[in-house]
Amino acid sequence: MLNRKLGIINLSKKKVIIKKTPDSLKKLFLGGRGLNSYYLYKMIKTGIDPFSPDNVLIFGTGFLTGTLVPNSSRFNVSAKSPETGILGDANCGGYFAAELRYAGFDRVIILGKAKKPTYLYITDGIIEIKDAKDYWGMDTTEVQQTLKKDLGQVEAAVCGVAGENLVRFACVRTGVKNAAGRCGLGAVMGSKHLKAVVARGTQGINIAHPEKMLEIVEELKEYIMNSKVSSILGSVGTPFLYEVSNTLGAIRTKNSQLNAWSESLNADVVETFVDKMIGCSSCIIHCRHRNKLGGEGPEYTAVGLLGANLGIIDPAHVIELNNICNELGLDISSSGTILGWAFELYEKGIINKKMVGEELRFGDFELVKRLLYKISRREDFGNILAESTKNVERFSKKSEDYLIAIKGLPQSDPHDCRYIKAFALGIATSSRGADHLRSRPTLEIFLRLPQEVRERIYGKGVPNDPTSYETKEKTVYFSDNIFATIDCLGICKFICHGFNSPHFVDYTWMKKLIYCASDWHFKEKDIQEIGKRVIDIERMFNNREGISRKDDTLPKRYFDRPMPLKVAKGHHIDRKEFNNLLSRYYKLRGWDEDGQVRKERVKELEALK
Amino acid sequence: MKYLYVYPEKCTGCRECSIACSLSKFGECNPKKGAVTIVRDEFNRYEFPIVCFQCEDPVCLKFCHQNAYQIKDGIVIRDEDRCVGCRLCAVLCPYNAVTTIDNEIIKCDLCDGDPKCVKYCSTEAIQYLEETLELEKRRKKMAEKFLEINKK
């Protein structure tokens with residue numbers, strides 16, 4: 001279990017060092033996102049340019065990745081983000097992470113910059129730096145297929161053309177559609193001339209108590225498979241969330257000018273495009289749609305942000321745009337948000353034809369398609385859009401009022417957060433910017449959740465009213481902590497307690513799983529400390545880069561413009577209430593009023609090794 | 001007699017079957033060490049579980065010079081004490097159902113009637129069923145396809 005290695009690769013010096021990650025660190029952070037964030041904090045100097053050789057790029061698998069534990073397919077890619085200038089981190093499924101572990105490694109840390117296109121080839125304990133001349137310029141599918149042709153049954157994490165061209169929201173891809181999507185980490189690969197990390201291995205992961213693991217997993221599988229949510233996710237995938245939000249009037253539409261959109265993008269329609277539902281390594285949920293248009297997806301994010309947010313009605317068009325983003329290696333969330341923003345700015349006359357080169361409008365599929373290609377190649381206006389939220393300076397200060405982003409990161413959730421207040425606090429405080437996969441207390445949307453269940457999860461006094469600000473800091477605090485922990489374990493959030501279901505893998509299950517895999521006895525409260533530690537160290541990274549209370553805010557529109565349609569009509573975020581909520585959240589976290597991690601805690605965490 | 005039957009159209013590619021197999025037989029999680037292999041290629045869009053057919057006239061048994069194989073209650077069993085690890089069975093099996101890795105020969109024994117691959121599959125892509133004429137017909141057809149490919 002614990003015999004996987006840590007590879008440190010310096011691309012400038014063409015040097016590989018193979019080390020062991022100390023058990024002491026694993027006991028503090030487990031692995032995955034937690035250890036990645038620890039290393040980022042230790043290894044990255046404040047203020048560096050994310051595109052410089054000084055940036056540190058980490059591929060880290062979770063503590064249980066590649067085991068029998070359900071949905072243990074995940075890894076995190078982390079670096080300083082070129083899109084936001086703060087902590088960059090993205091979690092990803094597929095088959096690469098398991099393969100990296102079978103090849104003998106938990107984690108690779110990549111330093112420096114290669115002189116010419118390069119890839120890493122990792123096989124059974126060996127890391128080689130290889131020439132990627134023949135692969136440079138390839139789309140994400142072509143490069144993976146060519147690598148398989150050249151090297152056999154390998155798994156690879158790659159960047160696409162967008163990453164090579166330093167598009168600030170280029171993703172890291174593995175397989176047909178799995179992406180470490182957010183924060184522009186594909187562009188960090190591009191900046192290091194790193195086309196791919198390729199793994200192939202035959203080394204099994206030794207389990208401390210095999211019989212026990214077989215027994216616990218059987219129990220857990222039964223428990224998860226009996227839930228309604230599991231069967232919905234397994235048959236239609238995440239698009240089912242579109243209808244939930246749309247019925248409420250909380251689907252970001254045309255850059256949040258509207259809050260509801262067409263039923264033509266409902267899950268039952270998307271389902272007609274599905275060939276087969278497939279899974280990641282060890283997955284028992286199988287939410288991946290192999291679509292009839294040659295790719296995989298769409299996820300809820302694509303349906304919302306490449307559909308409603310761009311004014312597109314035809315589901316076939318949305319799926320095609322989804323497939324194009326995946327091919328080019330563009331993050332779908334940022335792509336849909338940035339394009340929607342540009343379209344509204346054009347409508348409002350804040351940017352004009354002289355800058356853009358052509359007319360921009362919502363609902364134009366061909367235009368979106370063209371722009372996605374141009375962004376990935378940094379051609380014409382695409383070269384400007386590729387700068388993502390950094391365009392505020394170019395487009396004028398006023399343009400910022402229309403931007404749906406926080407801390408420079410375009411909002412990933414297609415959900416308009418003006419109605420559900422806890423969602424708003426979640427995206428405002430998430431450690432990588434406006435993102436729903438860090439801390440969204442999804443259960444807030446399930447209005448019929450029994451009160452005793454709600455209180456058992458989040459604590460006493462949390463009201464069954466999503467529009468109330470009261471005690472909502474508790475829901476975000478709980479979610480942020482447990483999602484961070486599940487990211488450390490390498491397990492998918494879809495079976496995490498409190499993400500899509502009030503059941504599933506909670507701290508008690510985690511304790512059992514960790515024990516049978518490693519023979520480590522954790523108390524539940526020790527595991528809870530891990531999540532808190534990760535959130536604090538990520539905040540320390542961000543504090544060091546200048547992040548404070550002023551940045552934990554929301555798009556202006558969420559405060560100042562009430563929602564126009566449906567159940568959510570009239571709702572917006574009250575500044576004063578939000579401020580109080582934020583203060584209560586800081587208090588719960590133990591951060592000071594300015595959102596800084598307190599000195600004693602910084603000292604404590606800096607001393608860990 | 002019960003055998004394994006595979007339904008590739010239900011297989012999601014996740015490999016819980018292979019990992020459960022390797023964990024139960026070798027105490028490690030390693031899909032490459034399972035007696036079930038999922039042949040998958042997401043780019044060419046297929047997932048296919050390969051299991052041992054427990055052939056009536058098995059090549060592994062026929063060519064084993066140590067007579068390590070025997071058929072017991074319809075199951076082709078390898079006797080580890082007799083086996084010298086020459087790997088001829090793995091080389092000869094036309095269905096690639098006997099495999100070898102780390103000096104181990106991996107051959108399905110149906111887990112004493114409680115096959116782990118079936119237990120840990122979440123979509124019933126591998127099922128352990130009493131043989132019927134219809135099921136056997138389907139299985140034979142599958143086997144013939146394999147042989148056809150092997151001849152090419």
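Me: Before anything else, how many Å separate the centres of domain 1 of chain A and domain 3 of chain A?

Reply: The centres of these two domains of chain A, taken over C-alpha atoms, are 27 Å apart, and please keep in mind that this is a predicted model. Chain A is divided into domain 1 (5-200), domain 2 (239-404) and domain 3 (421-606).

Me: How many residues of domain 1 of chain A are in contact with domain 3 of chain A?

Reply: As a general idea, the size of an interface is often given as the accessible area lost when the parts come together. Here we can count residues instead: 38 residues of domain 1 of chain A are in contact with 28 residues of domain 3 of chain A, where contact is taken as C-beta atoms within 7 Å.

Me: Which helices and strands of chain A supply at least two residues each to the side of domain 1 that touches domain 3?

Reply: They are helix 1 (23-29), helix 2 (32-43), strand 4 (75-80) and strand 5 (87-92) of chain A, and helix 2 of chain A gives the most, with seven residues. When the residues on this side of domain 1 of chain A are sorted by character, 15 are nonpolar, 18 are polar and five are charged.

Me: In what order do the strands of a sheet in chain A stand, for instance the sheet that contains strand 5?

Reply: In general, strands of a sheet pair through backbone hydrogen bonds, either parallel or antiparallel. In chain A, six strands form an open sheet in the order 2-1-6-3-4-5, with mixed pairing. Strand 2 (15-19) and strand 5 of chain A are the edge strands, each pairing on one side only, and neighbouring strands of this sheet are turned by 15 degrees against each other on average, direction ignored. Within the sheet, strand 3 (residues 57-61) and strand 6 (residues 105-111) of chain A run antiparallel and are joined by four bridges, and Ile58(A) stands opposite Ile109(A) in strand 6 of chain A.

Me: Why is one side of strand 8 and of strand 11 of chain A left without a neighbour in the sheet?

Reply: These strands belong to an open sheet of six strands in chain A, with the order 8-7-12-9-10-11 and mixed pairing. Strand 8 (126-131) and strand 11 (178-180) of chain A stand at its edges with a single partner strand each, so one side of each has no neighbour in the sheet. The twist averages 20 degrees from one strand to the next.

Me: Which helix of chain A packs on that sheet?

Reply: Helix 4 (residues 140-151) of chain A does, touching strand 9, strand 10 (172-174) and strand 12 of chain A, and its direction makes about 45 degrees with that of strand 12 of chain A.

How values were computed. Residues are numbered from 1 along each chain as its sequence is written. Chains are lettered from A and ligands numbered from 1 in the order in which they are written. This is a predicted model: local features need pLDDT of at least 70, side-chain atom pairs count only at pLDDT 80 or more; totals for chains, interfaces and linings use all residues. Domain bounds come from an automatic or database domain assignment. Two residues are in contact if their C-beta atoms, placed from the backbone, lie within 7 Å. Ala, Val, Leu, Ile, Met, Phe, Trp, Tyr, Cys and Pro count as nonpolar, Asp, Glu, Lys and Arg as charged, and the others, Gly among them, as polar. Two strands pair if DSSP finds at least two bridges between them. Axes are lines fitted to C-alpha atoms, for helices over the stretch in contact, and angles run from 0 to 180 degrees between N-to-C directions.
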